[in-house]
Amino acid sequence: MDLRHSDPDEEFRTELRAWLDINLPMEMRQPEFWRGKSDDERFEVRREWEAGKARAGFAGIVWPEEYGGRGGTATMKAIYDEEMAKANAPSSVNPLGLAFLAPTVMALGTEEQKREIIKPLLHCEVIWCQGFSEPGAGSDLAALSMKAEQHGDEYVLNGQKIWTTNAMQGDKIFTLARTSSPEGGKKHAGISMLLVDMHQPGISARPLKQMTGASEFGEVFYTDATVPVTEILGGEGNGWATAMLLLSFERGSSAISQYTEFHKQWEEVVELAQTLDRDGQPAAKDPVLRQKLAQSLVDLECLKYHSWHVLTQTSQGKDLGFEASMTKMMWSDTFRRVSDTYESVVGLGFQVPDPREDLSLTELSTLAMWSRSCTIWGGSQQVQRTVVAERVLGLPR
Ligand SMILES: Cc1cc2nc3c(=O)[nH]c(=O)nc-3n(C[C@H](O)[C@H](O)[C@H](O)COP(=O)(O)OP(=O)(O)OC[C@H]3O[C@@H](n4cnc5c(N)ncnc54)[C@H](O)[C@@H]3O)c2cc1C
């Protein structure tokens with residue numbers, strides 16, 4: 001494991017910090033800035049800021065320059081994520097496009113798709129959604145039933161997707177649909193990945209309210225929606241292989257930015273425990289709570305060194321393969337445990353918004369609620385454990 005960054009990597013950090021000092025307004029770094037704003041207003045502020053960042057060359061850090069990227073190293077990307085987390089910069093409005101779609105298009109797309117998709121996505125001109133999950137197909141994704149029937153030079157789509165992140169703000173959606181019946185009952189066959197325009201009469205989106213009060217995801221209904229037959233990524237009937245490649249791009253990312261974010265969260269929980277009164281003394285004096293706080297710190301440090309290990313491996317060009325499931329499990333468990341410690345400090349009352357705070361949840365309460373979702377999306381914890389057991393440890397099925 002290499003615990004030092006090279007001089008060019010550190011120069012990049014200095015350049016990025018200087019840019020953030022000037023271009024990330026102080027008020028935007030504070031939770032109060034976002035309070036009282038609607039989902040749409042928040043989204044637009046983030047979108048504008050992210051587009052400016054891309055114009056300044058701080059986007060697509062490891063992407064080749066021909067796609068508008070910076071052509072940097074895996075370490076530069078880790079530094080970039082870390083500095084964004086440290087500065088409390090707004091999170092990306094186009095995470096599905098950036099993390100999943102763009103690398104898949106670079107690998108499998110036609111020249112026209114590369115030209116038309118990658119740069120507009122990087123500059124947030126087009127917001128992409130991921131339309132995989134359905135009410136009857138989540139962990140068992142191959143059970144999906146959305147149909148795409150060919151009529152002349154277009155497909156006609158009918159069906160429903162659910163849990164679609166940014167459903168209300170999305171411009172386009174990369175979606176899985178059945179373009180033919182599965183051959184010989186093989187449910188992975190006959191699926192294609194289609195690139196569908198969401199601004200058409202055949203598509204309607206409905207928000208789903210989360211327990212934080214926000215509606216970051218929603219349901220998407222397709223009623224005779226259309227897409228040209230040319231708008232397929234990876235070839236007709238190859239949707240399963242394309243989807244597996246796309247999902248694998250989450251791999252290789254270290255968890256350094258998550259460590260930075262969760263450590264900040266942990267520090268705030270400790271501060272709260274030191275100030276909050278419990279039975280006439282600061283909550284931090286409670287021996288059981290002290291143990292929990294200490295255990296969270298141990299978890300965090302383990303996550304930090306695991307992240308450095310991943311970064312060292314990927315910097316050396318190694319493919320972590322299914323071991324990447326261990327990183328996902330580790331960071332989501334750590335996040336959950338830091339959040340559970342917060343619950344132990346403040347009690348379950350944190351779930352009720354404070355009327356003195358415009359009925360908004362505090363930042364720590366929002367994080368504690370959000371942490372519940374991380375062990376579900378991108379493959380649930382149970383499914384990841386099976387992957388590690390079978391594919392990494394080689395245990396019998
Ligand atoms: C915040 C958030 C954002 C999301 N964004 C998107 C998005 O943008 N696009 C999209 O397509 N989807 C999205 N999803 C959906 C996500 O991918 C699914 O929720 C996930 O795959 C689980 O599917 P499910 O909800 O249908 O649960 P199910 O698959 O029904 O699972 C229910 C429970 O059963 C367990 N289980 C299921 N199968 C097994 C098994 N074989 N072995 C052991 N346990 C099992 C699971 O672990 C889980 O605890 C999002 C989800 C969340 C929470």
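Let's start with a pair of helices: α10 (residues 324-346) and α11 (residues 363-370) have axes that come within 9 Å and cross at roughly 130 degrees. This is a predicted model, so take everything here as computed. An angle counts as roughly antiparallel only over 145 degrees, and 65 to 115 is the roughly perpendicular range; α10 and α11 are therefore oblique to each other. The crossing of α10 past α11 is left-handed. On the α10 side the contact uses Ser339, Tyr342 and Glu343, and α11 brings Leu364, Leu367 and Ala368. Sorted by class, that contact of α10 with α11 has 4 nonpolar residues, 1 polar and 1 charged.

Now for helix α4 (residues 74-86), which has crossings with α9 and with α8. Here are the three helix pairs with their axis figures.

| Helix pair | Axes come within | Crossing angle |
|---|---|---|
| α10 and α11 | 9 Å | roughly 130 degrees |
| α4 and α9 | 9 Å | roughly 145 degrees |
| α4 and α8 | 8 Å | roughly 20 degrees |

Take α8 (residues 256-275) to begin with: its axis and that of α4 cross at roughly 20 degrees. That makes α4 roughly parallel to α8, and their crossing is right-handed. From α4, the residues Ala78, Asp81, Glu82, Met84, Ala85 and Lys86 meet Ile256, Ser257, Thr260 and Glu261 of α8. This contact of α4 with α8 splits into 4 nonpolar, 2 polar and 4 charged residues.

With α9 (residues 287-315), α4 crosses at roughly 145 degrees. Here Ala74, Thr75 and Ala78 of α4 meet Leu311, Thr314 and Ser315 of α9. The α4 and α9 contact divides into 3 nonpolar and 3 polar residues, with no charged ones. Ala78 turns up in the α9 contact and again in the α8 contact.

Stepping back to the whole chain, the assignment gives domain 1 (7-93), domain 2 (128-236) and domain 3 (256-392). Going by C-alpha atoms, the centres of domain 1 and domain 2 are 30 Å apart.

What about the ligand, and which residues are closest to it? There are 18 residues around the ligand, and the closest are Phe132, Gly138, Ser139, Thr165 and Ser380. Elements giving two or more residues to this shell are β1 (128-131), β3 (154-165) and α12 (381-392). Which domains each supply at least three residues to the shell? They are domain 2 and domain 3. As for chemistry, the shell around the ligand holds 7 nonpolar and 11 polar residues, and no charged ones.

Terms used:
Residues are numbered from 1 along each chain as its sequence is written. This is a predicted model: local features need pLDDT of at least 70, side-chain atom pairs count only at pLDDT 80 or more; totals for chains, interfaces and linings use all residues. A residue is near a molecule or strand if its C-beta atom, placed from the backbone, lies within 6 Å of it. Helices (H or I, at least four residues) and strands (E, at least two) are DSSP runs, numbered from the N terminus. Ala, Val, Leu, Ile, Met, Phe, Trp, Tyr, Cys and Pro count as nonpolar, Asp, Glu, Lys and Arg as charged, and the others, Gly among them, as polar. Domain bounds come from an automatic or database domain assignment. Axes are lines fitted to C-alpha atoms, for helices over the stretch in contact, and angles run from 0 to 180 degrees between N-to-C directions. Angles under 35 degrees count as roughly parallel, over 145 as roughly antiparallel, 65 to 115 as roughly perpendicular and the rest as oblique. A crossing is left-handed if the near helix is turned anticlockwise from the far one by less than a right angle, and right-handed if clockwise. Two residues are in contact if their C-beta atoms, placed from the backbone, lie within 7 Å.
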